[in-house]
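These are my notebook entries on strand pairing, aromatic pairs and one arginine. I set down what I looked up, in the order in which I went through it.

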Amino acid sequence: MDREDRRGTLTAAPVAVGGRVPQAVAEPPGTRESGGSAGSAQRIAELEREVRELRRANETLKQYASKALELDVSPSERDGRFEGAAGYGQDPADPARRPAPGAGDGPARAPHPTAAEVEIRVLGPIEVAVGGRWVDLGTPKQRAALALLVSQVGQPVSIDVLAEALWDGRPPQSATTSLHAYIANLRRALEPHRAPRAPSTVLCTRGRSYLLDSRAVEVDAHRFGECATAGWRALDRGDPQRALYAFEAGLALWRGEAYAEVAARHVTPAAVRLEELRLSMIEGRCATLIAVGNHELAVPELVAFTQAHPLREYGCELLSLALYRAGRQANALSVLRDHQKTMVEDLGISPSPALQHLELEILRQAPELRGPGRVQ
């Protein structure tokens, strides 16, 4: 969903709260003839159509998420995993997906139950759980090597690229030997039950490259991207409650800066991409809160967000709208005018047409700005 679509979601007529129920199962009793063969056939046909539509939407969602994060994900590789908060699979806000304190080895936080044996977390310090147990990833360079492979999961990374990244462009003569040792140690950690000399199915060799198989691991960055896509899709089709579940589930995966321990420039693009998606998801969550009339909760979150990111116009727009819907018209206008002053003085540019239009709409108290909840 682009930004214009998001704005339309907020300023249109109030949206219904709660998940949609397929028409074939939502009709009240008595609307069809009981036992009628024609009614039964029509019901079956409608249910089959619903199933086909859900499958098509599910495949679109998975492909969209993979492209958004530049992942190598084919439809067959993700079967059985989170299908998105759009209602096609496990809800990302399901407590079963949340960590339970005190379980597992290592940190008090327990790994998420996943379809894959190996769970990797990079939305913060890198962590790995194998079979539900945390594993020791070894030295900082060894951890950095794994982080680089995770950032390119499903794609081969050459020995030369790894050496360049781990030694900041000045690899010693012993770099290749050390790198082979790091990979061997990581393989033992990721596949503790692999028989000696058996080929690795998680961290594979591809000529003079290594590849982390996307089918063998569950990465929190992937799950985060799926939650983001599912949230925007749910909001787009008028299901803000489901969107809110998805946004909150995705944001809950963050434990700090992505790839926090790794300074290698080869990981920077992935970290920057994830951070940008995180900021967009925060905006999406706040937009959803406003859409369901929870502007009182959205205001303090947006105040903190706009202070940390003063040049993000969509955050400013959301804060102004939330303030207006909370009955604080003067504050809403002040936010827009302070932002305009910052843009002119710091960057020498005018605010976007959307912000200028919102200011005029607030001044004339446009009815279309009203949403669910109270506006004084």
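I began with strand E1 (residues 118-121), which pairs with E2 in the antiparallel sense over four bridges; since this is a predicted model, I read every entry below as a statement about the prediction. Looking for the register, I found Val118 opposite Val130 in E2. The two strands E1 and E2 form a hairpin with five residues between them, and in its turn I noted Gly124 with a positive phi of about 140 degrees.

I then followed E2 to its other partner, strand E3 (residues 133-134), and found antiparallel pairing over two bridges. Val130, which I had already noted opposite Val118, has Arg133 as its bridge partner in E3. The hairpin of E2 and E3 has two residues between the strands, and Gly131 there takes a positive phi near 60 degrees.

Next I asked which way the side chains of strand E2 (residues 127-130) point. Glu127 and Ala129 point one way and Val128 and Val130 the other way, and I noted all of them as buried. I set beside this the general rule that in a regular strand the side chains alternate between the two faces of the sheet.

Second entry, on another sheet. I looked up an open sheet of three strands and wrote down its order as E4-E6-E5, with antiparallel pairing. Strand E4 (157-158) and strand E5 (203-206) stand at the edges with a single partner strand each, so one side of each is left without a neighbour in the sheet. Between E5 and strand E6 (residues 209-212) I found four bridges in the antiparallel sense, and Arg206 has Ser209 in E6 as its bridge partner. Helix H6 (residues 175-190) packs on this sheet and touches E5 and E6, its direction making about 140 degrees with that of E5.

Third entry, on aromatic rings. I found three aromatic pairs in the structure and took down the details of two, Phe224 with Trp254 and Trp232 with Phe247. Why does the pair of Phe224 and Trp254 count as edge-to-face? The ring centres are 5.4 Å apart and the planes stand at 80 degrees, and the class asks for over 60. Phe224 lies in helix H7 (residues 220-236) and Trp254 in the loop between helix H8 (240-251) and helix H9 (268-291), so the pair ties together parts that are 30 residues apart in sequence. I noted both Phe224 and Trp254 as buried.

The pair of Trp232 and Phe247 is edge-to-face as well, at 5.2 Å centre to centre with 70 degrees between the planes; it links helix H7 to helix H8 across 15 residues. Trp232 counts as buried at 9% relative accessibility, and Phe247 is buried with a relative accessible area of 0%. Returning to Trp254, I saw that the charged end of Arg278 sits over its ring, 5.5 Å from the centre.

Last entry, on Arg285, which I located in helix H9. Is this arginine buried or exposed? Its relative accessible area is 12% and the limit for buried is under 20%, so I entered Arg285 as buried. A polar contact of 2.5 Å joins the side chains of Arg285 and Glu301. Leaving aside residues up to four places away in sequence, I listed what Arg285 touches as Leu244, Phe247, Glu248, Leu251, Leu297 and Glu301; Phe247 in this list is the ring partner of Trp232.

Terms used: Residues numbered from 1 in each chain as written. Heavy atoms only, no water. Phe/Tyr/Trp six-rings, centres within 6.5 Å; stacked < 30°, edge-to-face > 60°. Buried < 20%, exposed > 50% of the residue type's maximum accessible area, 1.4 Å probe, protein only. Lys NZ or Arg CZ within 6 Å of the ring centre and 35° of its normal. Polar contact = N/O pair within 3.5 Å; in protein donor to acceptor, adjacent residues only side chain to side chain. Contact = heavy atoms within 4.5 Å. Pairing = 2+ DSSP bridges. Axes fitted to C-alpha atoms, helices over the stretch in contact; angles between N-to-C directions.
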